[in-house]
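Reader: Could you take a close look at a single part of this chain for me? I'd like to see how one residue sits and what lies around it.

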Amino acid sequence: MSLAAILVLAAGTYAFRVAGPLLRDRLTLPDRVRELMATAATVLLVALVATSSLTSGREFAGWALPAGVLVGGLAAWRKAPFVVVVLLAGATTAGLRLAGVS
């Protein structure tokens with residue numbers, strides 16, 4: 001039973017991944033729809049970042065984690081390499097927690 005479910009999910013995932021390149025030349029979207037899709041993707045990313053950095057379970061995550069995310073975001077905005085962004089965000093969060101900021 002579980003092997004069949006895994007195979008069905010794998011086939012569905014592959015179908016979604018291959019649909020984009022196959023439909024790229026067949027489907028023409030208006031410019032307004034393209035702009036809305038780009039905006040929607042940005043809004044979803046911001047919502048994900050806010051949810052995962054401000055909450056831990058059902059409670060507020062404390063100030064150290066959002067501060068680390070903010071530092072990482074600023075470093076990414078300044079076009080720092082990905083490793084530097086991750087290290088700065090982690091070091092900021094760990095440093096604040098070590099200093100007693102929850």
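Author: Here is a walk around Thr 93, followed by a nearby topic, the nonpolar patch, and the chain as a whole.

First, the ground rules. This is a predicted model, where local features need pLDDT of at least 70, side-chain atom pairs count only at pLDDT 80 or more, and totals for chains, interfaces and linings use all residues. Residues are numbered from 1 along each chain as its sequence is written, and side-chain values use heavy atoms, with hydrogens and water left out.

Thr 93 belongs to helix H4, residues 82–98 (helices are DSSP runs of H or I, at least four residues, and strands are runs of E, at least two, numbered from the N terminus). With a relative accessible area of 10%, Thr 93 is buried (buried is under 20%, exposed over 50%, partly exposed in between, using a 1.4 Å probe and protein chains only). Leaving out residues up to four places away in sequence, Thr 93 touches Ala 64, Leu 65 and Gly 68 (contact means heavy atoms within 4.5 Å). A polar atom of the Thr 93 side chain lies 3.5 Å from the backbone oxygen of Ala 64.

Helix H3, residues 64–77, also holds Val 69, which is partly exposed at 31% relative accessibility.

Zooming out, the chain has four helices and two strands, running α-α-β-β-α-α from the N terminus. Buried residues are 11% of its 102 residues.

How values were computed
Polar contact = N/O pair within 3.5 Å; in protein donor to acceptor, adjacent residues only side chain to side chain. Patch = residues over 30% accessible without salt bridge, like charges linked within 9 Å, V, L, I, M, F, W, Y side chains within 5 Å. Areas by Shrake-Rupley, 256 points an atom, 1.4 Å probe, with all protein chains shown as cover. Salt bridge = Lys/Arg side-chain N within 4 Å of Asp/Glu carboxyl O.
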